[in-house]
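Hi there,

Here is the structure I said I'd pass along. Have a look at it first, and my notes follow underneath.

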Amino acid sequence: MHVPVRVGVIGCGNIFRQYATGMSRFPGLELVAVADTDAARAQVAAAEAGAAACSVDELLGRTDIEVVVNITPPTVHALVSEQVLAAGKHLYVEKPLADTTAAARGALDAARREGLLFGAAPDTFLGSAGQTARAAIDSGSIGEPVGATAFVTHSQAETWHPDPTFLFQPGGGPVLDMGPYYLTALVNCLGPVAAVYGTSRIGAPQRTVTAPGRLVDRIDVTVPTHTAATVTFANGVLATVMLSFDVWDHRLPFIEIYGTEGTLSLPNPNGYDGPVLLRRHGDPDWTELPPAVPPLARPDSEEQLLRGIGVADLAAALRTGSPQHATAGLAFHVLDALESITVSADTGAPVRLTSTCERPEPVDGTYGAAISLNTLEVHP
Ligand SMILES: NC(=O)c1ccc[n+]([C@@H]2O[C@H](COP(=O)([O-])OP(=O)(O)OC[C@H]3O[C@@H](n4cnc5c(N)ncnc54)[C@H](O)[C@@H]3O)[C@@H](O)[C@H]2O)c1
């Protein structure tokens, strides 16, 4: 029997509860301490999660903590990640890996040098939808993939996040905030990106925040909020990608992949489960594919927003040596592709990527065999 992996969390903001609740589904993970530069927030989070509240230094100094989850804002991801690795802890960080690839490199190098595991969000591709789509592509159900579309529409953060400022500044915007879910889902299915071309603009230069309990009333927008991009995958697939915080209403799909023999339609990659639809040329209608791994929760339920599977994935790799899926290497390549879209939009020239990655291993039939020691407890 394995000893639970003891986890500390740095950053007790809006997403903290989704991590605390989400990780509590995995008996192999034990959240023991939380820290935040805002000590009051750490106190509240600690009381909610039944963990200890401490300073960042105290948390990093605790010898019982093996894995630290970094859920600070994107602009401090790299700094906090480097602190965690310097303390000799394994690390899991929220998306984006960092606000720039240059900032992300220090932590990647440190993890490699110190032999520490480094995982990164998003982990949603480990859910039944991502795994079903991947299996469908790999088994040739749409023939040879030729094209794809991905549409990131407005997450309307100013209506629900108490302080969404970081989402409208460099490090945020639809490209870095929501892009990782969509690009990671596509890389999981199609492999690495070779080149990108992008154009972008700011929609409204100021936004009104209407979230209940808001901490700010207005936001100055200093990052593009509408981006149109072409993404060329190394396997030759051409994807048309829109990333926008200006599209409030629409009738667009989330992600579709077009092959020589059919089309695959994927659900929202910000969740784990949902219908994956296939229509082969000549089929009278769409068919919903049976899930390749058991779903975690009802599609569109609040549970789709819980997080922690990627942490369990890392913990399993730590205890059993099983392959890690939601890796920082994958997240770095996705960040590189997204950053390159922005560079292309700024310069007007296409960008050929210098990074690449392996497609993550598919999760085998025992969903979370990757996370087997954690024996996922799914609440209906
Ligand atoms: N909010 C969501 O629904 C959501 C969903 C998925 C992913 N994420 C990602 O999770 C991360 C956090 O998002 P959030 O919405 O919780 O942000 P937030 O601003 O609500 O919370 C971030 C917390 O980090 C703390 N912090 C800042 N700098 C710190 C430092 N150096 N050391 C310790 N603590 C520090 C802040 O005081 C704050 O409490 C972001 O990367 C975001 O993209 C958020």
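Let me start with where the two domains meet: about 1,800 Å² is buried between domain 1 and domain 2, and carbon and sulfur atoms give 60% of that. On the domain 1 side, Lys95, Pro122 and Arg359 lose the most area to domain 2, together 33% of what that side buries. Keep in mind that this is a predicted model.

To help you find your way around, domain 1 is made up of 5–123 + 308–328 + 354–374, while domain 2 covers 128–293. Their C-alpha centres are 24 Å apart. Across the boundary, 19 residues of domain 1 are in contact with 24 residues of domain 2.

What holds polar company there? I count 2 salt bridges between domain 1 and domain 2, and 6 residue pairs in polar contact, both residues at pLDDT 80 or more. As for the face of domain 1 that touches domain 2, its residues split into 9 nonpolar, 4 polar and 6 charged. Arg359 turns up again here, with its side chain in a salt bridge to that of Asp138 (3.1 Å, N to O).

Then there's the ligand. It has 24 residues around it, and the closest are Asn14, Ile15, Asp36, Arg41 and His161. Backbone atoms reach it too: a backbone N or O atom of Lys95 sits 2.9 Å from a ligand oxygen, and one of Thr72 is 3.4 Å from a ligand oxygen. For Thr37, a polar backbone atom is 3.3 Å from a ligand nitrogen. Taken alone, the ligand exposes 840 Å², and the protein buries 87% of that.

Cheers

How values were computed: Residues are numbered from 1 along each chain as its sequence is written. This is a predicted model: local features need pLDDT of at least 70, side-chain atom pairs count only at pLDDT 80 or more; totals for chains, interfaces and linings use all residues. Side-chain values use heavy atoms; hydrogens and water are left out. Domain bounds come from an automatic or database domain assignment. Contact means heavy atoms within 4.5 Å. Buried area is the accessible area (1.4 Å probe) that two parts lose on being put together, summed over both. A salt bridge is a side-chain nitrogen of Lys or Arg within 4 Å of a carboxyl oxygen of Asp or Glu. A polar contact is a pair of N or O atoms within 3.5 Å; within protein, one must be able to donate a hydrogen and the other to accept it, and residues adjacent in sequence count only if both atoms are side-chain atoms. Ala, Val, Leu, Ile, Met, Phe, Trp, Tyr, Cys and Pro count as nonpolar, Asp, Glu, Lys and Arg as charged, and the others, Gly among them, as polar. A residue is near a molecule or strand if one of its heavy atoms lies within 4 Å of it. Accessible areas come from the Shrake-Rupley method with a 1.4 Å probe; for residues, only the protein chains shown count as cover.
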